[in-house]
Amino acid sequence: MFDRATFLPARVVSQTPPAPPLGDFPPETFAHHGHELIDWITRYLREIESHPVLAQTTPGAIAGALPLQAPAHAEPIDDILRDVHHVLMPGITHWQHPGFFGYFSITASVPGMLAELMATALNVNGMIWATSPAATELEQVTVRWLAQLLGLEGEWFGQLTDTASTSTLLALAAAREADPSLDVRGRGLAGRTDLPRLRVYCSELAHSSVDKAVMVLGLGHENLVKIPVDDVFRMRTDVLEARIAEDRAAGYRPLAVVATAGTTGVASVDPVPAIAAITAREGLWLHVDAAYAGAVAVAPELRGVLAGVEGADSLVVNPHKWLFTPVGCSALWVRRPDALRRAFTLVPEYLRTTSGAGLDYHDVGYQLGRPFRALKLWMVLRAFGAEGLAERIRAHNAMARDFAARITATPDWSVVAPVDFSLVCVRYAPAGMSPTDADELNRRILARVNASGAVLLSHTSVHDRIVLRLAIGNVRTTAAHVEQAYQALLDAAAVERSS
Ligand code: PLP
């Protein structure tokens, strides 16, 4: 039973029996705690703004408050839930808070959370079609729906992964196997005198997941060529062309280009149509990372973000970023599933089935175990509808534009990158202050704002200068929260400048 004042499970009297000697707890135990937890979650969401956005803790404090060893004997679930509240909650940074503007702000929306609960209860592992046909087929349907909603044309083979990092890794693995004569899958890369070093190209603003993918795939970090950006942070295609030509002349083998539609730092969109023309001419794989900004294409008038993607070989968009789907949902589409299959298909006897008809998703990725991710995306797409999603994204973009306009009109503040979506990068630089001192001042402003607990922003560097990022993406964020962020920045700047 929950304590009425603190809404915590009462410590002394456990309302449910302890763990039975064998087997799981009875469903009644789930019902008892489940109802209480639903109430707890409801209250958490209703009162989320009473929490400081940023975790109020110090490194090691949470771990230090927990026992060094797992318990030898069963503990009452009430006691465990109390510890969640007392020990863990102070160490939670509240990504569900509408004042969360850091990194790329996200949401586990109500339909998404309901689906997660169901997926956990079903606990299917959709590693092959037969192990849960509905999971596989709903995933096929959902990625097809999403492709339609984003306006993707032509044939795409889609799947859901945990993160854009995995999606990009799979895409580049497919790129590596796209030319069967390289036979990297079979023979590896090391010690090959017949195989030139393979090169991948991306802009200097591409996400670090691209770096990690080339590292994991054995291509070598130094074979990832970072192409400089122009004055609006888009990959320079003249330099891309020149680097490819130089590399060929020097004996390298260009393999793939990763273009970003919505860079992490400033949300710039690389010129994908021009890049696609180059990759087509050069015979390279083109992967488009639209993990964040791709979501805006659900609004038909914003589909320009994916212009040129018809010339790409693969595309990633993360529903867990800006499509209100709980974390752990990235959509990857490829034009050439044959290349993915060449990279990953390997069927041991114990996974062979006679059904023959269904898609076995483990054939197109490195993971076997597969949670029922499609359920949450399907719930979100249905419960909000395409128009509902588009309206929310438009509202976020409008709030970002308003915030940018206010910053621009504020002395000593500037917006340092175009605001095409819901990300605004700002910098405080009082006249006469050196850039280095202004960097330090912006860091202090950020720390002060985040310590306030009302809102949370993050930072990046633009042209080697520190800038503060305000990313709107939480479905519960309103103009009032953005106004709060604006005021928090101004207040922090005033205090820090005079200190
Ligand atoms: N690509 C871009 C453009 C991103 O902004 C991010 C994360 O912010 C990623 C990839 C990596 O996403 P994930 O955390 O899903 O791996």
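A salt bridge, as the term is used here, is a side-chain nitrogen of Lys or Arg lying within 4 Å of a carboxyl oxygen of Asp or Glu. With that in hand, let us walk through this structure, which is a predicted model.

Start with E301 and R394, which form a salt bridge whose closest N and O atoms are 2.5 Å apart. This pair ties together distant parts of the chain, since its two members are 93 residues apart. E301 sits in the loop between β5 (285–289) and β6 (314–317), while R394 belongs to helix α13 (residues 374–408). R394 has a relative accessible area of 27%, so this residue counts as partly exposed.

That bridge has plenty of company: the count by this rule comes to 27 salt bridges. One of them joins the side chains of D238 and R236, at 2.7 Å from N to O. To place these two residues, it helps to know that partly exposed means between the 20% below which a residue is buried and the 50% above which it is exposed. D238 is partly exposed because its relative accessibility is 43%. R236 falls into the partly exposed class as well, because its relative accessibility is 33%.

Another stop is the salt bridge between the side chains of D338 and R336, with 3.5 Å from N to O. D338 has a relative accessible area of 35% and is therefore partly exposed. For R336 the value is 29%, so R336 is partly exposed too. Elsewhere, R187, R192 and D194 are joined into one network by salt bridges that share partners.

Now turn from charges to a nonpolar part of the surface. Here F30, L37, I38, I41 and L117 form a nonpolar patch, with about 430 Å² of accessible area together. Which helix gives the most to this nonpolar patch? Helix α1 (residues 27–46) does, with four residues. I41 is found in helix α1, and its relative accessible area is 32%. Why can I41 take part in the patch? Patch residues need over 30% relative accessible area, and I41, although just partly exposed, has 32%.

For a last stop, look at helix α8 (residues 208–216), where you will find S209. Is S209 buried or exposed? S209 is buried, because its relative accessibility is 6% and buried means under 20%. Leaving aside residues up to four places away in sequence, S209 touches S165 and T168.

Definitions and conventions: Residues numbered from 1 in each chain as written. Predicted model: local features only at pLDDT ≥ 70, side-chain atom pairs only at ≥ 80, totals over all residues. Heavy atoms only, no water. Patch = residues over 30% accessible without salt bridge, like charges linked within 9 Å, V, L, I, M, F, W, Y side chains within 5 Å. Areas by Shrake-Rupley, 256 points an atom, 1.4 Å probe, with all protein chains shown as cover. Buried < 20%, exposed > 50% of the residue type's maximum accessible area, 1.4 Å probe, protein only. Contact = heavy atoms within 4.5 Å.
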